[in-house]
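Work through these exercises with the sequence and the model open side by side. Try each task before reading its solution.

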Amino acid sequence: MSNFRADKHQLVFQIVFGVLSIYLVFQLLYKCLYKKQKLKGKLLIPLIIFLGYSLITFIWTVNVVSAISRVSIIIQGYVLYLALVNSDDKVEFKEISWFFSLFLLTLSFEYIVILARANVFFNFETKYYLMDLWANPNIVATVFAIGFVPSLYKYFIKDGSKLKYLYLPLEILIVYAIYATQSKGLYFGLFVMILMIPIIILIKNKKLILTSIYTIIFGFAGAMILLVIFKDNFPELFTKIDSFSSSRVRIYEIGINELKNPFTLYFGKGIGSTHHILLDNGFSNFYFHSWFFQTLVNQGLIGITITLTNLYLIFKMCLNTKDKFKYFAYLGLIAYVFHTLIDVGYEYQFLGVMYYMLVAVLEKNLNPLESGEANEKTFISS
């Protein structure tokens, strides 16, 4: 599991991850070409359109090598999504819950080992100690965003077994690791998730839920754009917010300035351009610390429209079931999306794999309202 920068097992991790990705691609090709099966998936068309348009931007991208790298990173999640949705096997919600539980517990132990070596558990003020964890602690924090709430589903399954409650004390370690991330992006994602709980679980109004989600997204983007536009009018406010956000606002400013070019605004600078744009402006970051500005700068209004449509289909699909797992998955997806709205990670390599894995399981097993089928083993009646 460990993927430290200097870890001797890192190459093994990359090889295994690459081999599995290639295997899934050949599996899909086998079904399409040999068995002549048509690929299905509610996200199939928007994902193909987004990927296709991203490939078109190779024509004008700043660096083709970076573009290839970026496409290879995001396509892995797409491939797993298609493989799961088009597979003959079903994955039960309970299995997904336990997968995230053990995944996060393993991550938590990694945190504990690192902090124990540094002899700090509660007194650390920065995440300096975690900088070697998976190359970027912010990316690791994203796993907690998407996985923690779905992992709790196991306690709400009426399977008759009381042994699962023996796992409860271990949840304390996971909560500690969430604290130890010191990730403002994760805290923001969890904060938005908590705000959405009454609307999702109590009010249950689909339009209100989707409206609330998009209001926060556009509210954030609009606030950052206004802050940059009126930077000279309110310099102290700009400096305070930029300092609190660990220089994120200055990164957004770079992206917003790029959008002053009409071509960039509509069509983007080209996928993979971010790193070089930031390097030219004195930042070593590879990402704009926001999937909204990342997509808008790289793929323009065309790309961000496709991405927002994709999110709409995902969030709408989550509500299309009677199973209680939808609440856990929905809240996990919200924490993930809003974490990456102000941080790194959206569709990034194994994060994209987890994201689309959860979406695929929802689509495959969570559509009784459409298909008339319900997963009896994990169904909880209202």
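**Exercise 1. Charges over rings**

Task: In this predicted model, find which rings Lys231 and Lys184 lie over.

Solution.
- Step 1. Start at Lys231, which lies over the face of Phe238. The distance to the ring centre is 4.9 Å.
- Step 2. Go to Lys184. Its partner is Phe244, and Lys184 sits over the ring face at 4.5 Å from the centre.
- Step 3. Apply the cut-off of 6 Å from NZ to the ring centre. Lys231 passes at 4.9 Å, and Lys184 passes at 4.5 Å.

**Exercise 2. The overall fold**

Task: State how many helices and strands the protein has, and what percentage of its residues count as buried.

Solution.
- Step 1. Count the elements: there are 16 helices and zero strands.
- Step 2. Take the burial. The protein has 382 residues, and 53% of them count as buried.
- Step 3. Look at contacts with a separation of 6 or more. Residues 24 or more positions apart make up 79% of them.

**Exercise 3. The nonpolar core**

Task: Identify the residues with the most contacts inside the largest nonpolar core, then describe their surroundings.

Solution.
- Step 1. The largest nonpolar core holds 125 residues. Trp291 and Tyr355 have the most contacts inside it.
- Step 2. Place Trp291. It belongs to helix α13, which covers residues 291-318.
- Step 3. Check its accessibility. Trp291 has a relative accessible area of 0%, so it is buried.
- Step 4. List the contacts of Trp291, setting aside neighbours within four places in sequence. Among them are Ile217, Leu308, Leu311, Val337, Leu341 and Tyr346.
- Step 5. Repeat for Tyr355, with the same exclusion of neighbours within four places. Its contacts include Ile146, Ile314, Leu333 and Tyr336. Leu311, Val337 and Tyr346 touch Tyr355 and also touch Trp291.
- Step 6. Add the polar side of Trp291. A polar atom of its side chain lies 3.0 Å from the backbone oxygen of Val337.

**Exercise 4. Two residues with positive phi**

Task: Locate Lys36 and Glu347, and decide for each whether it is buried or exposed.

Solution.
- Step 1. Recall the background: most residues other than glycine have a negative phi.
- Step 2. Lys36 is not a glycine, yet its phi is positive, about 55 degrees. It lies in the loop between α1 (10-33) and α2 (44-56).
- Step 3. Lys36 has 70% relative accessibility, so it counts as exposed.
- Step 4. Glu347 is not a glycine either, and its phi is positive at about 60 degrees. Its loop runs between α14 (325-341) and α15 (349-365).
- Step 5. Glu347 counts as buried because its relative accessibility is 7%. The cut-off for buried is under 20%.
- Step 6. Relate Glu347 to Trp291. They are 56 residues apart in sequence, and 8.9 Å separates them C-alpha to C-alpha.

**Exercise 5. Helix α15**

Task: Compare the span of α15 with the expected one, and explain why α15 is largely enclosed.

Solution.
- Step 1. α15 has 17 residues. From first C-alpha to last, α15 reaches 24 Å.
- Step 2. At 1.5 Å a residue, 24 Å is expected, and the span is close to that.
- Step 3. Of the 17 residues of α15, 16 are buried, so the rest of the structure largely encloses this helix.

**Exercise 6. An aromatic pair**

Task: Classify the pair formed by Tyr153 and Phe328.

Solution.
- Step 1. The model has 31 aromatic pairs. Tyr153 and Phe328 form a pair with ring centres 5.4 Å apart and 70 degrees between the planes.
- Step 2. Planes over 60 degrees apart count as edge-to-face, and this pair is edge-to-face.
- Step 3. The two residues are 175 residues apart, and the pair links distant parts of the chain. Tyr153 is in the loop between α5 (137-151) and α6 (168-180), while Phe328 is in helix α14.
- Step 4. Tyr153 is buried at 0% relative accessibility. Phe328 is buried with a relative accessible area of 13%.

**Exercise 7. Ser108**

Task: Determine which backbone oxygen the side chain of Ser108 reaches.

Solution.
- Step 1. Ser108 is in helix α4, residues 93-117. With a relative accessible area of 1%, Ser108 is buried.
- Step 2. Its side chain reaches the backbone oxygen of Leu104 at 2.7 Å.
- Step 3. Beyond its neighbours within four places in sequence, Ser108 contacts Phe144, Leu173, Ile174 and Ala177.

Key:
Residues are numbered from 1 along each chain as its sequence is written. This is a predicted model: local features need pLDDT of at least 70, side-chain atom pairs count only at pLDDT 80 or more; totals for chains, interfaces and linings use all residues. Side-chain values use heavy atoms; hydrogens and water are left out. A nonpolar core is a set of buried Ala, Val, Leu, Ile, Met, Phe, Trp, Tyr and Cys residues joined through side-chain atoms within 4.5 Å. Buried means under 20% relative accessible area, exposed over 50%, partly exposed in between (1.4 Å probe, protein chains only). Contact means heavy atoms within 4.5 Å. Helices (H or I, at least four residues) and strands (E, at least two) are DSSP runs, numbered from the N terminus. A polar contact is a pair of N or O atoms within 3.5 Å; within protein, one must be able to donate a hydrogen and the other to accept it, and residues adjacent in sequence count only if both atoms are side-chain atoms. Rings of Phe, Tyr and Trp (its six-membered ring) pair if their centres lie within 6.5 Å; planes under 30 degrees apart count as stacked, over 60 as edge-to-face and the rest as tilted. A charge sits over a ring if NZ of Lys or CZ of Arg is within 6 Å of the ring centre and within 35 degrees of the ring normal. The expected span of a helix is 1.5 Å times one less than its number of residues.
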